[in-house]
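Open your viewer, put the cartoon on screen and keep the selection box handy. We will go from stop to stop, and at each one you will find out what to select and what is there.

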Amino acid sequence: MKTSTPYSLKNGSNNSNGYYKDVSNFTDQVLSESEFHINDVIEDFEDFESKDVEKLFSKNMMVFEALMIGILWMNYIKRALKLDPESQKLLADLSRKRSENENLKPIVDPLRGVLATSVLLPEDPDSEEIPELTVENLDKLFKWLEATGEFQEELKHLRNWGDFLGSLSPQRSSSHLTNIFMFADWFEDVSTDALGKYTHNLEVFIDTNRNKHLWKEDIMLFTRKRSEYHLNMFGAEVMSREFRESFKSRPRKALLLPGCIRSLTDSECAASDTNLGMKCAGCNPSCRVNSLTKHGANGGFEVYVVSHESSALSRSTQNDRKELGIIGVACIMNLISGGWKSEYIGIPAQCVLLESCGCLHWMDPSEPSDINEDQLMKLLDNYNKTFEKGVPCASHSHGHKTVLTM
């Protein structure tokens with residue numbers, strides 16, 4: 001187990017099987033409890049969304065989105081209410097330009113880091129007072145989220161909720177927001193009991209390393225709250241359930257790996273560029289990507305390395321979007337946005353979490369992360385076929401697990 005990491009799915013155990021059991025049971029509990037807390041909210045939102053069939057998701061995904069509103073409100077509304085329009089517009093424009101043009105990164109990111117640290121990061125002293133639950137304040141929260149540059153995919157979904165609540169009377173929208181807030185408050189407490197053992201080191205990790213990230217563009221991602229980690233754990237399970245049948249129906253499967261898992265540097269790696277990502281050339285027998293690529297060849301799935309989440313699937317073809325189902329591997333705070341981006345272009349995704357954070361910007365690179373390969377193989381259509389043919393999956397090959405870094 002890593003000595004310093006924001007989360008660990010193993011939590012001192014030999015594997016993360018316990019986590020996947022816990023998160024599945026917890027997800028069932030949350031979805032059941034939503035019937036009591038926000039059933040009326042979801043029913044009204046379903047009626048609103050049914051006017052646009054292309055946007056309609058399952059009730060479970062709506063519960064996740066409602067919880068996201070509540071958790072983000074609890075964590076950031078006080079900051080959002082202090083953000084002036086000029087700073088908001090500048091930060092949002094910088095984030096937009098950065099996402100549209102990777103070449104602007106060296107210029108834009110330092111400025112974003114300074115502004116985020118000075119404008120977005122400062123928090124009010126703890127207060128029991130809850131800001132007024134109104135559509136107007138919700139819009140201010142959305143603008144604050146936009147300014148961070150960390151919630152682009154989430155906002156595509158949450159703004160539908162803003163439109164929905166804005167279509168209601170002030171009394172009805174306030175009542176719905178109150179119920180969402182109370183549900184999120186319940187979720188925060190219960191998720192700490194159910195999943196807190198996997199994130200118990202988060203606050204210490206942030207406090208210990210905070211100064212290294214001040215004035216840098218990742219400060220807002222680095223300081224995300226514990227309740228958001230639990231929310232995304234729940235969301236990854238809901239998302240996998242939502243898209244499972246569609247994923248299984250696709251004739252092609254691909255594993256998308258984080259860009260920093262290669263054993264070699266960019267200049268040394270012989271991987272070839274494809275429209276879906278970097279394709280391993282087998283140049284280094286000890287490279288993790290090489291190992292997984294060989295398992296993919298035996299098991300009938302493709303393996304690609306994506307250098308950055310924002311560029312994932314951006315060059316996919318129409319055939320890819322008709323044929324492909326993907327398994328995305330990422331850390332907790334990046335997986336949901338990647339899954340929604342995949343869904344947006346018509347490629348159903350399944351989620352596998354890195355078992356601990358392996359980001360080279362956050363962690364000691366000598367302490368790599370890994371994935372639960374049993375979980376990975378269970379998500380693949382050919383799991384049983386692979387074993388029927390006598391081809392070992394990675395987790396059973398010579399008793400080793402493949403280790404991934406991020």
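Start with helix H14: what covers its buried residues includes H3, H7, helix H10 (219-222), helix H11 (226-249), S5 and S6. Helices here are DSSP runs of H or I with at least four residues, strands are runs of E with at least two, and both are numbered from the N terminus. Covering rests on contact, meaning heavy atoms within 4.5 Å. Before you click further, note that this is a predicted model, in which local features need pLDDT of at least 70 and side-chain atom pairs count only at pLDDT 80 or more, while totals for chains, interfaces and linings use all residues. Residues are numbered from 1 along each chain as its sequence is written, and side-chain values use heavy atoms, with hydrogens and water left out.

**Stop 1: helix H14**

Select residues 332-344 to show H14. Its buried residues are Ile-332, Met-333, Leu-335, Ile-336, Ser-337, Gly-339, Trp-340, Lys-341 and Ser-342. Buried means under 20% relative accessible area, exposed means over 50%, and partly exposed lies in between (1.4 Å probe, protein chains only). After H14 comes Gly-346, which has a positive phi near 90 degrees.

**Stop 2: strand S5 and its partners**

Now select 324-330, strand S5, where seven of seven residues are buried. Which residues lie on each of its two faces? Leu-324, Ile-326, Gly-328 and Ala-330 are on one side, Gly-325, Ile-327 and Val-329 are on the other, and all are buried.

Add strand S1 (residues 252-258), which pairs with S5 in the parallel sense over five bridges. Two strands count as paired if DSSP finds at least two bridges between them. To see how the strands line up, pick Ala-254, opposite Ile-326 in S5. Then add strand S6 (residues 349-353), which runs parallel to S5 and is joined to it by five bridges. Here Ala-330 stands opposite Leu-353 in S6.

**Stop 3: the nonpolar cores**

Show side chains for Leu-141, Leu-145, Trp-161, Phe-187, Phe-234, Leu-255 and Trp-362, the residues with the most contacts inside the largest nonpolar core, which has 106 residues. A nonpolar core is a set of buried Ala, Val, Leu, Ile, Met, Phe, Trp, Tyr and Cys residues joined through side-chain atoms within 4.5 Å. Helix H3 (residues 59-82) gives the most to this core, with 14 residues. Zoom in on Leu-141: leaving aside residues up to four places away in sequence, Leu-141 touches Ile-69, Leu-72, Trp-73, Tyr-76, Ile-77 and Ala-80.

Next, look for a second, separate core of twelve residues, including Leu-256, Val-306, Ala-312 and Leu-313.

**Stop 4: three residues to compare**

Pick Val-303 in strand S4 (residues 302-306). Is Val-303 buried or exposed? Val-303 is buried, because its relative accessible area is 2%. Among the residues Val-303 touches, not counting those up to four places away in sequence, are Leu-255, Leu-257, Met-278 and Leu-292.

Move to Asn-137 in helix H6 (residues 135-148). Asn-137 counts as buried because its relative accessibility is 11%. Beyond four places away in sequence, Asn-137 touches Trp-73, Ile-77, Leu-81 and Glu-132.

Then try Arg-159 in helix H7 (residues 152-166). With a relative accessible area of 35%, Arg-159 is partly exposed. Arg-159 touches Phe-142 and Glu-146, not counting residues up to four places away in sequence. Set a distance label between the C-alpha atoms of Arg-159 and Phe-142: they are separated by 7.7 Å and are 17 residues apart along the chain.

**Stop 5: a backbone turn-off**

Select Trp-215, in the loop between helix H9 (202-213) and H10. Trp-215 is not a glycine, yet its phi is positive, about 70 degrees. Its relative accessible area is 48%, so Trp-215 is partly exposed.

**Last view: the whole chain**

Zoom out to see 16 helices and eight strands in the chain. Of its 406 residues, 53% count as buried.
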